[in-house]
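Thank you all for coming. I would like to walk you through one structure this morning, beginning with how its elements are arranged and then turning to some individual residues.

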Amino acid sequence: MPPPGSAPPPGTVPAATILVLGDSLSAEYGIPRGKGWVALLADKLQAERPDVRVVNASISGDTTAGGRSRLPAMLDQVRPIQVVIELGGNDALRGLDLDSTQNNLEAMIQACRAVNARVVLVGMQIPPNYGPDYSAKFSVMFANLAKKYRTGLVPFFLKGIADAPDATVQFQPDRIHPKAEAHPRMLANVWPEIKKNL
């Protein structure tokens, strides 16, 4: 599988491709290459669905605006059957306007639908120190969009990790990025929706 953030050479992508458009949580930030959940997904598909491949177009630090601007070229190049959108966390960390985040996510969903690619939205939750109103609106935004557009939905990407009793031991020192040991659980959180939308 090509490294995160890169696309394979033209003509090398099989008919059935899953495109993962994400941020550092999907780009193997701070962990060894090949240990992230997207690489684990590729291994799982190799065993269970060898006709399906994964292209990881995730970039650390990316926002929904960045994903929105990159997506059309990726759709044209990769022609995926499914797009996993794992973006929004950096918008929240920067306190960006939620309307802009939602508009960007909607534009990405619509772009995917225009090329008949199914969408799985990967939801996030943010700490309450951003204000209970902002945090609540942020977490429900993903569910609302999934309902409106009938996309796949992972309600909380870091379920069982960030909300675990021993949460701090599962994160790198920055307390934002999970350690490699947490990535199998991240895949377990996403896999049912990916499988359902294949």
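**Helices on a parallel sheet**

Let me begin with helix 1, which lies across strand 1, strand 2 and strand 3 (82-86) and runs at about 165° to strand 2. Helix 2, residues 64-78, also packs on the sheet, where it touches strand 1, strand 2 and strand 3, and its direction makes about 165° with that of strand 1. Please keep in mind throughout that this is a predicted model.

The sheet itself is open and has five strands in the order 2-1-3-4-5, with parallel pairing. Its edges are formed by strand 2 and by strand 5 (152-154), each of which pairs on one side only, and the twist from one strand to the next averages 20°. Towards one of those edges, strand 4, residues 118-122, runs parallel to strand 5 and is joined to it by three bridges, with Leu-121 standing opposite Leu-153 of strand 5.

At the other edge, I would pick out Val-52, which lies in strand 2, residues 52-56. Is Val-52 buried or exposed? With a relative accessible area of 3%, which is under the 20% cut-off, Val-52 is buried. Leaving out residues up to four places away in sequence, Val-52 touches Ala-16, Ile-18, Leu-45 and Leu-198. Of these contacts, Ile-18 is 34 residues from Val-52 in sequence, yet the two C-alpha atoms are 7.2 Å apart in space.

That brings me to the nonpolar core. In soluble globular proteins, nonpolar side chains tend to be buried together. Here the largest nonpolar core has 54 residues, and the members that touch the most others are Trp-37, Ile-85 and Phe-157. Helix 5, residues 132-149, supplies the largest share of this core, namely six residues. Which residues does Ile-85 contact, once its neighbours within four places in sequence are left aside? They are Leu-21, Leu-105, Met-108, Ile-109, Val-119, Val-120, Leu-121 and Val-122, and you will recognise Leu-121 as the residue that stands opposite Leu-153.

Not every buried residue I want to show you is nonpolar, and Glu-28 is a case in point: at 5% relative accessibility, Glu-28 counts as buried. Glu-28 is found in the loop between strand 1 (16-22) and helix 1 (37-48). A polar atom of the Glu-28 side chain lies 2.9 Å from the backbone nitrogen of Gly-34, and the side chain of Glu-28 also reaches the backbone nitrogen of Lys-35, at 3.4 Å.

Finally, the charged pairs, of which the structure holds eight that form salt bridges. In one of them, the side chains of Lys-44 and Glu-48 meet at 3.2 Å, N to O; because these two residues are four apart in helix 1, they are separated by about one helical turn. Lys-44 is partly exposed, at 26% relative accessible area, and Glu-48 is likewise partly exposed, at 42%. Arg-70 and Asp-62 form another salt bridge, with their closest N and O atoms 2.7 Å apart, and in this pair both residues are buried. A further salt bridge joins Asp-76 to Arg-79, with a closest N to O distance of 3.5 Å, and there Arg-79 is exposed, with a relative accessible area of 58%.

Terms used: Residues are numbered from 1 along each chain as its sequence is written. This is a predicted model: local features need pLDDT of at least 70, side-chain atom pairs count only at pLDDT 80 or more; totals for chains, interfaces and linings use all residues. Side-chain values use heavy atoms; hydrogens and water are left out. A nonpolar core is a set of buried Ala, Val, Leu, Ile, Met, Phe, Trp, Tyr and Cys residues joined through side-chain atoms within 4.5 Å. Buried means under 20% relative accessible area, exposed over 50%, partly exposed in between (1.4 Å probe, protein chains only). Contact means heavy atoms within 4.5 Å. A polar contact is a pair of N or O atoms within 3.5 Å; within protein, one must be able to donate a hydrogen and the other to accept it, and residues adjacent in sequence count only if both atoms are side-chain atoms. A salt bridge is a side-chain nitrogen of Lys or Arg within 4 Å of a carboxyl oxygen of Asp or Glu. Two strands pair if DSSP finds at least two bridges between them. Axes are lines fitted to C-alpha atoms, for helices over the stretch in contact, and angles run from 0 to 180 degrees between N-to-C directions.
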